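Open the model in your viewer and find the ligand. This tour goes from single contacts outward to the domains.

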Amino acid sequence: MTTDATTADLTTTAGLLSAIEYPAGREILDPATGEVVGRTREGSAADIDSAVASAREAQTAWAARPIAERSDLLNKAADAVEASAEALAELLSREQGKPLNGPNARFEVGACSAWLRANAAFELEPEILVDDGETHAELRYDPVGVVGAVGPWNWPMMISVWQFAPSLKMGNTVVLKPSEYTPLSVQALVAVVNQALPADVLSVVPGDGAVGAALTSHDGVDKIMFTGSTKTGQAIMRTAADKLARITLELGGNDAGIVLEDADPKAIAGDLFWGAFINTGQTCAAMKRLYVPESLYDQVCEALVEVAGQSPMGVGLEEENVLGPLQNKQQYDIVARLVDAAKNGGARVLMGGDPAADQPGYFYPTTLVADIDNDNPLVAEEQFGPALPIIKYTDLEQAIEWANELEVGLGSSVWGTDIEECKKVAARLQAGSTWINKHGAVDPRVPFGGVKKSGFGLEFGVEGLKHVSVPHVISW
Ligand code: NAD
């Protein structure tokens, strides 16, 4: 670090960078322009050892504070995030690529303070299980200890808050390992939040997957919270078995949306589009394949093309843009490969699919693909980018079967005017969340998690607090 976080002005982007930058460190490049955003320290297994030791040391005193006091500090952390909001959003936009506007950088920073405040407000009182005059039994929720949290690059700040806010509320201390693609955003957020928290209660060690593995396999970590790919989640679960660490896994998805016959294409087009293209499609619970009945197919395709045409893509700091680049080359290549597979499979590209060859940045144009077979790779694999396959169906049973046939089950959605009919279809979908006439609309009060290979454990709400605690029954 060049400047002590306590002396830097954390309400400016320059101040944030001066507090966290490491001049001899690795360059982080803006995915929209290729310009240097800053330099990050690269942590090591030794840094994980020392961060976990400090977190253990701090945990007893943190857990001993009354829960109301911890909640109060979470609200103060939210105040600090709000005071630095614009600076955080600008740094996030430059490092991650997402525009300031639309459901992107400012929205993400807003969600950070919203989730901090929501967790501050939740109440988890001991549950009285039996009280019949002879036996009294109650269920309490104790801290687990030290939480090791590993995150992805798509929503780096917001997902970190999802991990640490409930953990801190319940009396745990937390060591974060952000994605190697977005370390500055998380370090900046932690510098801001730590203005409100005691030392060593929340810390961050940047680094690659090996540093993540050093954290998740560490003997001093009692609970692992992981958000990222299914493959990494499986690797983490294997190492967690040795020490029987508790785990929450929020993994990849390939969410289906099903439009029903009575839907109004023009009325739903905006929400359909943003359900798929939020954060330029780089969202775990974005709609990644859309099933539309033959009777509405052309109308839905036309309405989506119209919304897409009104949604500019470009450099994030330019206020008019609402879609940005892919965050990294690896993800760009995945999207390009899958759209090529769609074209090679005879699908009809309604728009996009033709990235410019010599542009700076990882921009892949907004792409809508029609008349695509359900077994095409663009449908069957997670694209995690701005390319939506629209699949025609003639039989609702077939659409439900297609929606359920993959190994993952994070989110899903049903679109129609008869809510009771929508609910009947929703109940048959295999997913942790099914939204009606919206998609991916997470809410800090409503539990969120996956089924099948999308992971297990819940985040958000009072249920989320239970997942960062250990149950303890006391009876007499
Ligand atoms: P990733 O699995 O490649 O990396 C995630 C994190 O794990 C990074 O910080 C990485 O350094 C770390 N890591 C890598 N190997 C590790 C190991 N062996 N042990 C411990 N940590 C290790 O995922 P990504 O590419 O950053 O994120 C994209 C994926 O995440 C997509 O599949 C997406 O659907 C999923 N995702 C899920 C959610 C959710 O809430 N379910 C949210 C966001 C993203």
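**A tour around the ligand**

Start with Trp153: a polar atom of its side chain lies 3.1 Å from a ligand oxygen atom. Keep in mind that this is a predicted model.

Next, select Gly228. Here a polar backbone atom is 3.2 Å from an oxygen atom of the ligand. Then go to Ala213. One of its polar backbone atoms is 3.5 Å from a nitrogen atom of the ligand.

Now show the surface. On its own, the ligand has 860 Å² of accessible area. The protein covers 87% of that.

Where does the ligand sit? Look for the largest pocket: the ligand is in it.

Select every residue around the ligand. You should get 30. The closest are Gly151, Glu180, Ser229, Thr232 and Glu382.

Color this shell by class. It has 13 nonpolar residues, 12 polar ones and 5 charged ones.

Switch to the cartoon view. Which elements give two or more residues to the shell? They are helix 8 (209-216), strand 8 (223-227) and helix 9 (230-243). Pick helix 8 and stay there a moment. Helix 8 supplies 4 residues, the largest share of the shell.

Finally, zoom out and color by domain. Select 13-251 together with 454-475 for domain 1. Select 255-443 for domain 2. Each of these two domains gives at least three residues to the shell around the ligand.

Key: Residues are numbered from 1 along each chain as its sequence is written. This is a predicted model: local features need pLDDT of at least 70, side-chain atom pairs count only at pLDDT 80 or more; totals for chains, interfaces and linings use all residues. Side-chain values use heavy atoms; hydrogens and water are left out. A residue is near a molecule or strand if one of its heavy atoms lies within 4 Å of it. A polar contact is a pair of N or O atoms within 3.5 Å; within protein, one must be able to donate a hydrogen and the other to accept it, and residues adjacent in sequence count only if both atoms are side-chain atoms. Accessible areas come from the Shrake-Rupley method with a 1.4 Å probe; for residues, only the protein chains shown count as cover. On a 1 Å grid over the protein atoms alone, a cavity is a set of points where a 1.4 Å probe fits but cannot get out, and a pocket is an open set with protein on both sides within 12 Å along at least five of seven lines; lining residues have an atom within 4 Å of a point. A molecule sits in a cavity or pocket if more than half of its atoms lie within 2 Å of its grid points. Ala, Val, Leu, Ile, Met, Phe, Trp, Tyr, Cys and Pro count as nonpolar, Asp, Glu, Lys and Arg as charged, and the others, Gly among them, as polar. Domain bounds come from an automatic or database domain assignment.
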